[in-house]
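This report concerns the main pocket, a helix contact and the aromatic pairing of one protein chain. The sequence and structure are shown first.

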Amino acid sequence: MENELKQLIIDALDLEDIGIDDIDNHEPLFNDGLGLDSIDALELGLAIRKKYDVKIDAEKDDVAKIFSSVSALADYIESVRR
């Protein structure tokens, strides 16, 4: 699931110079980590909804935790899809 998500991030955000091996599963996606911003979060949220039929509500209290890393995002998607 993590590698699939990494590829989704790369494709959805047109990260041309990054491969899935360049993204650590536990690295922060925003700010100091991969360096994504709020616009990237919106685009990534749409891509996740489209691919996995999982909506991540931006108003959720734990949205920052959900998007904290590839691993956290994969755990959330898997828990919602069960």
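Ala, Val, Leu, Ile, Met, Phe, Trp, Tyr, Cys and Pro count as nonpolar, Asp, Glu, Lys and Arg as charged, and the others, Gly among them, as polar. The model is predicted, with local features needing pLDDT of at least 70 and side-chain atom pairs pLDDT 80 or more, while totals for chains, interfaces and linings use all residues. Residues are numbered from 1 along each chain as its sequence is written, and side-chain values use heavy atoms, without hydrogens and water.

The largest pocket holds about 300 Å³ of space. A pocket is an open set of points on a 1 Å grid over the protein atoms alone, where a 1.4 Å probe fits, with protein on both sides within 12 Å along at least five of seven lines; lining residues have an atom within 4 Å of a point. Of the 13 lining residues, Ala41, Leu42, Ile56, Ala58 and Phe67 lie nearest the centre. Helix α2 gives the most to this lining, with five residues.

The lining of the largest pocket and the contact of α1 with α4 divide by class as follows.

| Set | Nonpolar | Polar | Charged |
|---|---|---|---|
| Lining of the largest pocket | nine residues | one residue | three residues |
| Contact of α1 with α4 | six residues | one residue | two residues |

The axes of α1 (residues 2-12) and α4 (residues 70-81) come within 9 Å and cross at roughly 110°. The two helices are therefore roughly perpendicular (65 to 115 degrees).

One aromatic pair is found in the whole structure (ring centres within 6.5 Å; edge-to-face over 60 degrees between planes). Phe30 and Phe67 form this edge-to-face pair, 6.1 Å centre to centre with 80° between the planes.

How values were computed: Points joined across faces, edges and corners; volume = space filled by probe spheres on them. Helix = DSSP H or I, 4+ residues; strand = E, 2+ residues; numbered from the N terminus. Axes fitted to C-alpha atoms, helices over the stretch in contact; angles between N-to-C directions. Parallel < 35°, antiparallel > 145°, perpendicular 65-115°, else oblique. Phe/Tyr/Trp six-rings, centres within 6.5 Å; stacked < 30°, edge-to-face > 60°.
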